[in-house]
Amino acid sequence: MWSPPNPREYNAQVWQIVERIPKGRVMAYGQIAALLPTPQGVDDETYRRLGPRWVGAAMRAVKGVKIPWWRVLNAQGQISLPAGSDSALEQRHRLEQEGLIFDAQERLDLAAVGWQPDDESDA
DNA sequence: CGTTTGACTACGC
DNA sequence: CGCGTAGCCAAAC
């Protein structure tokens, strides 16, 4: 994954969306990328491919930023951090504490707990 | 200075 | 439904 033309601004936009995710709900990297406008100087084609990874980059940059970063998963409903890593364990713990349940394959049912800004059934 | 390595996805088997 | 692969850039090794 690389970084968008203006990382600082892009990250801010990503975090702005992440902080709106209700407790007990989650969003995928690609889903968040799709909500943001294609950064200037980048064609839609390129953004379509790299957007999700840039969102991942924004999440990596989250240090000390107060947002529910653990509610962001990959499109498969799985935690995208290195399995077994401290951060991965922390993410899973926080999600389970919000009542979310992982299946035998360490996945969450996005169709059930996935969320988007216009989703009325939040909270 | 060549390789490896990323908080990703869609797509083809 | 699971697994491998392409896409594609820069920085760390």
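From the N terminus on, the elements of chain A follow the order α-β-α-α-β-α-α, which amounts to five helices and two strands. The radius of gyration of chain A is 14 Å, close to the 14 Å that the globule rule gives for 123 residues, so the chain is as compact as a globular protein of that length. This is a predicted model, and along its principal axes the C-alpha trace of chain A spans about 40 × 35 × 25 Å. Of the 123 residues of chain A, 42% count as buried, and among the contacts in chain A with a separation of 6 or more, 65% are accounted for by residues 24 or more positions apart.

## Nonpolar cores

The largest nonpolar core has 22 residues, and those with the most contacts inside it are Tyr10, Val14, Val18, Ile32, Tyr47, Val55 and Val72. The elements that give two or more residues to this core are helix H1 (7-18), H2 and H3, with H3 supplying the largest share, six residues. Val55 illustrates how such residues meet, since, not counting residues up to four places away in sequence, Val55 touches Tyr10, Val14, Tyr29, Ile32 and Ala33. Apart from the largest core lies another one, of ten residues, among them Ala88, Leu95, Phe102 and Val113. In soluble globular proteins, nonpolar side chains tend to be buried together.

Two further buried residues can be placed individually. Leu50 lies in helix H3 and, at 12% relative accessibility, falls under the 20% limit and therefore counts as buried. Leu50 and Trp2 are 48 residues apart in sequence, yet their C-alpha atoms are 7.7 Å apart in space. Gln91, for its part, has its place in helix H4 (residues 86-97) and counts as buried at 2% relative accessibility. Leaving aside its neighbours within four places in sequence, Gln91 is in contact with Trp69, Trp70, Val72, Leu73, Ile79 and Leu81, and of these Val72 is also listed among the residues with the most contacts inside the largest nonpolar core.

## The surface near DNA strand B

DNA strand B is surrounded by 16 residues, of which the closest are Gly30, Met59, Arg60, Asn74 and Ala75. By class, this surface has nine nonpolar, five polar and two charged residues. Of the atoms of DNA strand B within 4 Å of the protein, 47% belong to sugar or phosphate, and the rest belong to bases. Backbone atoms of the protein take part in contacts with both portions of the strand: a backbone N or O atom of Met59 lies 3.1 Å from a base nitrogen, a backbone N or O atom of Arg60 lies 2.9 Å from a base nitrogen, and a backbone N or O atom of Ala75 lies 2.7 Å from a phosphate oxygen. The elements that give two or more residues to the surface near DNA strand B are helix H2 (29-35) and helix H3 (44-60), and H3 gives the most, with five residues.

## The surface near DNA strand C

DNA strand C is surrounded by Trp2, Arg49, Arg53, Gln105 and Arg107, and the residues of this surface divide into one nonpolar, one polar and three charged. Of the atoms of DNA strand C within 4 Å of the protein, 52% belong to sugar or phosphate and the rest to bases. Here polar side-chain atoms reach phosphate oxygens, one from Arg49 at 2.6 Å and one from Arg107 at 3.5 Å. Trp2, one of the residues around DNA strand C, is the residue whose C-alpha lies 7.7 Å from that of Leu50.

The polar contacts with the two strands are set out below.

| Residue and protein atom | Strand and DNA atom | Distance |
|---|---|---|
| Met59, backbone N or O | DNA strand B, base nitrogen | 3.1 Å |
| Arg60, backbone N or O | DNA strand B, base nitrogen | 2.9 Å |
| Ala75, backbone N or O | DNA strand B, phosphate oxygen | 2.7 Å |
| Arg49, polar side-chain atom | DNA strand C, phosphate oxygen | 2.6 Å |
| Arg107, polar side-chain atom | DNA strand C, phosphate oxygen | 3.5 Å |

## A loop residue with positive phi

Glu106 lies in the loop between H4 and helix H5 (110-113). Phi of Glu106 is near 60°, a positive value in a residue other than glycine. Most residues other than glycine have a negative phi. At 39% relative accessibility, Glu106 counts as partly exposed.

Technical notes: Residues are numbered from 1 along each chain as its sequence is written. Chains are lettered from A and ligands numbered from 1 in the order in which they are written. This is a predicted model: local features need pLDDT of at least 70, side-chain atom pairs count only at pLDDT 80 or more; totals for chains, interfaces and linings use all residues. Side-chain values use heavy atoms; hydrogens and water are left out. A residue is near a molecule or strand if one of its heavy atoms lies within 4 Å of it. A polar contact is a pair of N or O atoms within 3.5 Å; within protein, one must be able to donate a hydrogen and the other to accept it, and residues adjacent in sequence count only if both atoms are side-chain atoms. Helices (H or I, at least four residues) and strands (E, at least two) are DSSP runs, numbered from the N terminus. Ala, Val, Leu, Ile, Met, Phe, Trp, Tyr, Cys and Pro count as nonpolar, Asp, Glu, Lys and Arg as charged, and the others, Gly among them, as polar. A nonpolar core is a set of buried Ala, Val, Leu, Ile, Met, Phe, Trp, Tyr and Cys residues joined through side-chain atoms within 4.5 Å. Buried means under 20% relative accessible area, exposed over 50%, partly exposed in between (1.4 Å probe, protein chains only). Contact means heavy atoms within 4.5 Å. The radius of gyration is taken over C-alpha atoms; the globule rule is 2.2 Å times the number of residues to the power 0.38.
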